[in-house]
Amino acid sequence: MSVSFPPTEEQLAAVSAAHQGGDLKIKAFAGAGKTSTLQLIANRFGQRRGIYLAFNRDIAAAAARKFPSHIVSRTMHAQAWSAASAALKQRGSLQAEAPHALAARFGFGPVQVRTVTGRAVEITPFETGRMIADALGRFCRSADAQPHARHIVVDDKLDEAASAALQAWLLPAVHRLWEESAAAGSGSAVSPDVVLKLWAMSEPRIEADYILFDEAQDSDGVMLSVLARQRHAQVIYVGDPYQQIYEWRGAVNAMAQIDAPECALTESFRFGATFAALASRLLARLGEPVPLRGQAAIGSILVEDPSIAPPVDAVLCRKNVTAIWQLAAGLEAGHRPAIRMSPAEVTAFADGADQLLAGQRAFRPAAFTLFETWADAQAFSRTPFGQDLLPLVQIVDELGTGYLRSLAQQCTPEAQADYVISTVHRAKGLEWKRVRVANDFRFRGADGRPVPDEDEIRLLYVAITRAQHVLDISAMRDELLRLVAHRG
């Protein structure tokens, strides 16, 4: 495998550190050439047995095309699956138990709880079963030996006391579901997360001389526990701690937890100095003292005036509901937008709204859980807690659910689209020449101060570093500039 670029001093330092042996962390900022650095390391290691492990399948597949054949490229889940017994693999092909059936089997009925707005609502058996199954997945993705209350995530519409009581009530059921899943003679369905957890608890040995672990910032505790036991192999962790945006599914920041020497890749090859300066100011808010550097030869234009509205290749949003609103706005303007959501995902919002309009509970999508009528959704969307839902409520109120369904059928394939609409989570790892960022980020903390949580700043960092040449921040200009100017 040959590399057709001149390595930077930072890349050469990382290769040298890897060659000296021992575990290593490589902190790579957005667009800073982490994959090419791993290629350089693999070249230096020659014919030593290597394995490249990635967080998701697409990244692993892309790496397989770049690394030589003697380096295996796969996800950690695939590694676990390859070691599973025939009986466990057979259970992995079974249909998962429906949430309401799980709740009924465990004897759970409806329960009354209180929301952040002080209203009493009913948690149905369907929701209870879903929470138990979700908690099992979160436990399996952790390094914990047993399920804990923190693995049970309740709807953020509930107040703190109700949330704590609900977690305590459900925890024994999570223990029971894990015991059923782990039992050797069980015939119940198992998820990929259960297979991974069982593999990790068997203390497996990965047959390789060195392990390249990519996107380490998004790794789960269970993955880190497996790698920590590979004393026979050199583990090289690569990632950007400021692109950690999967806390909601149980990801932990490996870059902060791993005790190993660290190298840094701080020069981005994606954009110019203007975007790098803005990103660096966000990084400073996260405590990063070293700025991100751009390329002087790359022209990068920051658009702050909403009256300019330049053409773009991508519109990035924080929430799915905003992405749907952007789709509607684009179609109304005569554009041909694509959206990184399936038609079924868009239609689910229409189905849920129809159920609420008919006075029935809607269990999908998650944004509609705990509402008993459409009036509840309307009222909640106009509170400080429900601003994320407001664009969708306005679409339904003004144009109806039929219009919402029609949006799902009007999407253009990405290859033929004028531009693509995506959430930041679905845009991670991608880049476009021209990007517009929607104004649906939370620029105020829980106490009302104009300072968002760190996870929100990381989302902003990921969003603005997807652009190469044009970055339109006009919709959020004032809030963003106040944020980066804030000294805490």
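Which residues in α14 meet which residues in α17? In this predicted model, the α14 side of the contact consists of P343, V346, T347, F349, A350, D351, A353, D354 and L357, and these meet T401, L404, R405 and A408 in α17. Sorted by class, the contact of α14 with α17 comes out at eight nonpolar, two polar and three charged residues. As for geometry, the axes of α14 (residues 343-357) and α17 (residues 401-409) come within 8 Å and cross at roughly 170 degrees. That angle makes α14 roughly antiparallel to α17, because anything over 145 degrees counts as such.

Helix α16 (residues 390-399) belongs in the same part of the story. Its buried residues are L390, P391, L392, V393, I395 and V396. What covers them includes α14 and α17, along with α13 (320-332) and α15 (374-381). Just after α16 comes G400, which takes a positive phi of about 90 degrees.

A second helix pair worth a look is α1 (residues 9-19) with α2 (residues 34-45). Their axes come within 9 Å and cross at roughly 40 degrees, which makes α1 oblique to α2. The crossing of α1 past α2 is right-handed. On the α1 side, Q11, A14, V15, A18 and H19 make the contact, while α2 supplies S36, T37, L40, I41, R44 and F45. By class, the residues of this contact of α1 with α2 split into six nonpolar, four polar and one charged. Spacing within a helix is a handy guide here: with 3.6 residues a turn in an α-helix, residues three or four places apart point the same way.

Turning to the sheets, one open sheet has six strands in the order β3-β2-β6-β7-β1-β8, with parallel pairing. The edges are taken by β3 (71-75) and β8 (262-265), each of which pairs on one side only. Ignoring direction, neighbouring strands of this sheet are turned by 20 degrees against each other on average. Inside the sheet, β6 (residues 210-213) and β7 (residues 234-239) run parallel and are joined by four bridges; L212 stands opposite I236 in β7.

Two helices can be placed against this sheet. Helix α2, already met as the partner of α1, lies across β1 (24-28), β2 (50-54), β3, β6, β7 and β8, and runs at about 160 degrees to β7. Helix α4 (residues 76-83) lies across β2, β3 and β6, at about 100 degrees to β3.

Another open sheet, again of six strands and with parallel pairing, has the order β9-β14-β13-β10-β12-β11. Here β9 (301-303) and β11 (337-339) stand at the edges; each has a single partner strand, so one side of each is left without a neighbour in the sheet. The twist from one strand to the next averages 25 degrees. At one of these edges, β11 pairs with β12 (residues 419-423) in the parallel sense over three bridges, and I339 has I421 in β12 as its bridge partner. Helix α12 (residues 273-285) lies across β9 and β14 (467-472), running at about 65 degrees to β14.

An antiparallel pairing turns up as well. Strands β4 (residues 111-114) and β5 (residues 120-123) pair in this sense over four bridges, with V113 opposite V121 in β5. The hairpin of β4 and β5 has five residues between the strands, and there G118 takes a positive phi near 90 degrees.

Finally, what about positive phi outside glycine? Most residues other than glycine have a negative phi, which makes a couple of loop residues worth pointing out. E215 has a positive phi of about 50 degrees although it is not a glycine, and this residue lies in the loop between β6 and α10 (221-228). With a relative accessible area of 10%, E215 is buried, because the cut-off for that label is under 20%. A309 is not a glycine either, and its phi is positive, near 45 degrees. A309 lies in the loop between β9 and β10 (314-317). Its relative accessible area of 54% means that A309 is exposed.

How values were computed: Residues numbered from 1 in each chain as written. Predicted model: local features only at pLDDT ≥ 70, side-chain atom pairs only at ≥ 80, totals over all residues. Heavy atoms only, no water. Axes fitted to C-alpha atoms, helices over the stretch in contact; angles between N-to-C directions. Parallel < 35°, antiparallel > 145°, perpendicular 65-115°, else oblique. Left-handed = near helix turned anticlockwise from the far one by under 90°. Contact = heavy atoms within 4.5 Å. Nonpolar A, V, L, I, M, F, W, Y, C, P; charged D, E, K, R; others polar. Pairing = 2+ DSSP bridges. Buried < 20%, exposed > 50% of the residue type's maximum accessible area, 1.4 Å probe, protein only.
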